[in-house]
Amino acid sequence: MDNKYKTITELNNYIKLLLDSNSNLNLVYLKGEISNFKSHTRGHLYFTLKDENSRLAAVMFAGNTKSLQFKPEDGMNVLVTGRVSAYPASGSYQIYVQDMQLDGIGNLYIEFEKLKEKLLKEGLFNKEHKKPIPRFPERIGVVTADTGAAVRDIMSTIKRRYPLCEVVLFPTLVQGEFAAPNIVKQIEVADTYGCDVLIVGRGGGSIEDLWAFNEEIVARAIYNANTPIISAVGHEPDFTIADFVADLRAPTPTGAAEMAVPTISDINNLINQYKLRLNKNIKTLINTKFIELHSLKNSFILKNPMSLYEMKEQKLDKLIDNLNRNINVILDNKKHNLEISLNKVKLISPINIINNNQNKIREIITNINNMIDKKLNNTRHNLEYLINTLKLVNPLNILSNGYSLVKYNDKVIKSSKELKENDEINIKLYDGEVVGIVKEIK
């Protein structure tokens with residue numbers, strides 16, 4: 001085989017070596033939009049970076065994804081750092097991403113979504129907090145820049161459609177570092193001017209230009225205002241946090257002016273409708289009253305006025321009967337209550353109480369006597385038992401059987417060894433005592 005022919009693998013490996021040895025490709029900085037994003041189960045990220053005209057394959061291994069501060073998605077604009085090399089297996093080159101951050105607009109988008117979710121959970125977007133926009137305002141406040149197309153469109157639209165309305169401008173910064181606090185201040189001032197409705201907004205621009213209306217302090221100022229607020233920020237596709245919090249969102253500043261006031265033709269049509277309704281109501285009222293008058297003229301009462309008196313007489317008789325009946329019922333109730341009270345008095349009279357207490361005393365005395373008799377009988381039986389017991393153990397009873405008790409010096413003698421001759425002893429017999437002298441001891 002001719003050695004001048006190389007394999008595909010050899011060529012791809014050679015190209016990879018060339019790319020890897022190029023110091024300009026070892027560390028590159030790119031910006032682009034993510035597409036075809038895929039997160040592998042092992043933690044690696046595969047996606048494509050693209051701009052208006054070109055695209056580049058990209059891979060970010062799991063070890064580098066730990067430093068990510070966001071979750072990559074299709075459509076995000078990002079800034080990546082990495083090295084460019086070839087992947088021999090497919091014969092394509094790609095960037096191996098070491099670090100990835102959101103592009104400026106992407107960071108603003110994340111801040112927007114975080115604040116939107118926070119205020120949504122707090123209920124600032126709920127419909128029940130939306131105040132109705134008055135149909136015919138007398139004074140409208142406009143919080144916007146005092147120069148530019150927005151203020152001119154609002155003023156001209158209101159003047160053309162509803163010249164009866166007073167318009168008060170509260171000029172504010174609508175872009176830049178100090179725009180948000182300035183907008184808040186002007187909303188708070190306008191809220192004290194007795195306006196029927198406020199229009200808060202500005203003309204179109206980039207997301208950075210409109211960002212003041214995505215600030216939390218502006219959203220809370222709109223929510224806390226007592227005056228109904230129409231938001232008019234940017235063009236129709238543009239949505240800001242202020243649009244979600246406002247009582248009504250207009251697609252443009254001109255649209256806000258149109259929502260805030262009716263047209264002269266609308267007013268004329270409404271007046272004509274009121275005239276038709278008023279005429280109809282008056283005719284209906286006249287017809288109703290005419291029917292009532294005709295009914296009264298032909299009524300039986302007017303033709304027979306005495307019948308009215310007769311009816312009243314009958315009604316009076318019924319009232320008198322009811323009154324008498326009620327009086328009798330009341331008297332019967334009072335009489336019954338009196339009898340009950342007298343019976344109660346009898347039950348608590350002193351004589352009855354004394355008699356009842358005497359009977360109780362007699363009963364108590366009888367119970368006491370019975371208890372005394374029972375106690376005496378029990379005591380008598382116990383005494384007889386003790387006497388019999390004492391008799392059984394009494395030594396004198398033993399002496400009655402012919403036994404005697406010998407003592408010497410008041411000591412009971414139990415053995416002959418305790419005596420000697422000529423000792424004087426006392427002999428206790430059943431019916432008395434004798435004295436003896438010991439003569440012989442055996």
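Here is a short chat about how some labels on this predicted model are earned.

Guide: A quick word on ground rules: this is a predicted model, where local features need pLDDT of at least 70, side-chain atom pairs count only at pLDDT 80 or more, and totals for chains, interfaces and linings use all residues. Residues are numbered from 1 along each chain as its sequence is written, and side-chain values use heavy atoms, with hydrogens and water left out.

Visitor: How do you know that C195 is in no disulfide?

Guide: A disulfide is a pair of cysteine sulfur atoms within 2.5 Å. The closest cysteine sulfur to that of C195 sits in C165, 8.9 Å off, so the gap is too far for a bond. The structure holds zero disulfides.

Visitor: Why is C165 called buried?

Guide: Buried means under 20% relative accessible area, exposed over 50%, and partly exposed in between (1.4 Å probe, protein chains only). C165 has 10%, so it counts as buried. C195 comes out at 8%, so that one is buried too.

Visitor: And how much of the protein is buried?

Guide: Of its 442 residues, 27% make the cut.

Visitor: What makes the protein more spread out than a compact globule?

Guide: We take the radius of gyration over C-alpha atoms, and the globule rule is 2.2 Å times the number of residues to the power 0.38. For 442 residues the rule gives 22 Å, but the protein has 61 Å, well over that, so it is more spread out than a compact globule. Along the principal axes, its C-alpha atoms fill a box of roughly 165 × 130 × 50 Å.
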